[in-house]
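Work through the exercises below with the structure in view. Try each task before reading its solution.

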Amino acid sequence: MLSRVPGGAVSRAVLSFLHAPSRSLFCAIAWLAALLLLAGSTLAAAGPELRFLRAGTEVNRLPLSALREACPVERIAVDDPFYGRRKSFYALPASCALELGLGALPAPGQNLFLRAADGYVRPTSFDDLRAASAWIAFADADLTPSPEAEPQWEPIDRRQVDPGPFYMVWGGAGQSDPHRYPWPYQLIEIELAPLELEYPHVVPDAAPGSPADRGFALFRRECIACHAINGEGGKVGPDLNVPQSIVEYRPVEQIRAYILDPASFRFSSMPSHRHLKEEDLDALIAYFRAMARRKYIPRADP
Ligand code: HEC
């Protein structure tokens, strides 16, 4: 790893290069490469970046160094649902990162999209993130010697992937359920936008409080991070509406059983949803049926 070089050393190096015009082209290229490397190492020292958007427009790109400087960094311990045990991280309060990145804290109830590098996109209400117990972790505190050191991570989840560069974690009692609270690892982007703006074709034509409407609320909270409807949503699992809706090619009883316990069908990367009640499954099926009548094929759009 290259270390930072004070600016004076760089300009002295450039001057001595200019004073030696007789050097060969090869030498010039070598110098340029060295300068580029220096610039690169300065960037690397700033660390990975977290992007912030408002309604599709980038408003900020904050390197870890800027986040660490502006927000109080703490060593925290949480009950981690993906490691399945208590874990320690270096982290900063999510509300501090949001305020810094978006320029102001969102209003209560506003929708945020949390995007991960692997295609997982978790929409979430800001009400949840306001809680003081939401953190953005940037290093595994058991493996990284100090908050300023190069972040190290232990591989996470069944897929054993690197959870960096950022991982949203929760410290409060009862907040270890990733269905209720967003725990996105590989977090790279946070967008403030209404769900309908990014996902206009996932909304059912259903009366408020109807089964399809309740199913939509459930789908938003528990499924859309991995599954798209009409091409809109997460890309970890298959689209559940197009070209064929799940209710068009699988018997309803099988869909219900699959949602509760996918691992009884296949070695699956979909989590089980045994906490869902009969009426929750009814609502999800009503939502799928409503959407099967509202198909939209993204590619067919001009
Ligand atoms: C963490 C990601 C993730 C979440 C959350 C998730 N799924 Fe899945 N789902 C998958 C993946 C990946 C598959 C592909 C097959 C597999 O691995 O089981 C899948 C497959 C399915 C299938 C079978 C599709 C087929 O044609 O065989 C259904 C039905 C389904 N999911 C419904 C849901 C519902 C409903 C929810 C929310 C209650 C949900 N999933 C939540 C990742 C997820």
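## Exercise 1: Two exposed loop residues

E150 counts as exposed because it has 11 C-beta neighbours inside 10 Å. The cut-offs behind this word are as follows: a residue is buried if 20 or more other C-beta atoms lie within 10 Å of its own, exposed if 12 or fewer, and partly exposed in between, with C-beta atoms placed from the backbone.

This is a predicted model, in which local features need pLDDT of at least 70 and side-chain atom pairs count only at pLDDT 80 or more, while totals for chains, interfaces and linings use all residues. Residues are numbered from 1 along each chain as its sequence is written.

Task: locate E150 and S146, and relate each to a residue distant in sequence.

Solution.
- Step 1. E150 is in the loop between β7 (134-140) and β8 (167-170). Strands such as these are DSSP runs of E with at least two residues, helices are runs of H or I with at least four, and both are numbered from the N terminus.
- Step 2. From C-alpha to C-alpha, E150 is 8.1 Å from G47, although 103 residues separate them in sequence.
- Step 3. S146 also lies in the loop between β7 and β8. It has 10 C-beta neighbours inside 10 Å and therefore counts as exposed.
- Step 4. S146 and Y90 are 56 residues apart along the chain, and their C-alpha atoms are separated by 8.3 Å.

## Exercise 2: A residue in a strand

Task: decide whether A137 is buried or exposed, and list what it touches.

Solution.
- Step 1. A137 belongs to strand β7.
- Step 2. A137 is buried, because 26 other C-beta atoms lie within 10 Å.
- Step 3. Leaving out residues up to four places away in sequence, A137 touches F89, Y90, A91, F166, Y167 and V169. Contact here requires C-beta atoms, placed from the backbone, within 7 Å of each other.
- Step 4. S88 is 49 residues from A137 in sequence, and their C-alpha atoms are 9.3 Å apart in space.

## Exercise 3: Two packed helices

Task: describe how α7 and α10 pack.

Solution.
- Step 1. Two packed helices are described by the angle between their axes and the distance between the axes.
- Step 2. Helix α7 (residues 211-222) meets helix α10 (residues 278-292) at an angle of about 100°, and their axes are 7 Å apart. The axes are lines fitted to C-alpha atoms, for helices over the stretch in contact, and angles run from 0 to 180 degrees between N-to-C directions.
- Step 3. The two helices, α7 and α10, are therefore roughly perpendicular. Angles of 65 to 115 degrees count as roughly perpendicular, under 35 as roughly parallel, over 145 as roughly antiparallel and the rest as oblique.
- Step 4. On the α7 side the contact is made by P211, A212, R214, G215, F216, L218 and F219; on the α10 side by D280, D282, A283, L284, A286, Y287 and A290.
- Step 5. By class, this contact of α7 with α10 has 10 nonpolar, one polar and three charged residues. Ala, Val, Leu, Ile, Met, Phe, Trp, Tyr, Cys and Pro count as nonpolar, Asp, Glu, Lys and Arg as charged, and the others, Gly among them, as polar.
- Step 6. D280 of α10 counts as partly exposed, with 17 C-beta neighbours inside 10 Å.
- Step 7. The buried residues of α7 are A212, G215, F216, F219, R220 and E222. Their cover includes β6 (121-125), α6 (195-198) and α10.

## Exercise 4: Backbone exceptions

Task: find cis peptide bonds and residues with positive phi.

Solution.
- Step 1. Most residues other than glycine have a negative phi, and most peptide bonds are trans.
- Step 2. G164 and P165 are joined by a cis peptide bond with omega about 10°. P165 is in the loop between β7 and β8.
- Step 3. Another cis peptide bond joins V242 and P243, with omega about -5°. P243 sits in the loop between β11 (232-233) and α8 (246-249).
- Step 4. Q160 is not a glycine, yet has a positive phi of about 55°. Q160 is exposed, with 8 other C-beta atoms within 10 Å.
- Step 5. N230 has a positive phi near 55° and is a residue other than glycine. N230 counts as buried, with 20 C-beta neighbours inside 10 Å.

Conventions:
Contact = placed C-beta atoms within 7 Å.
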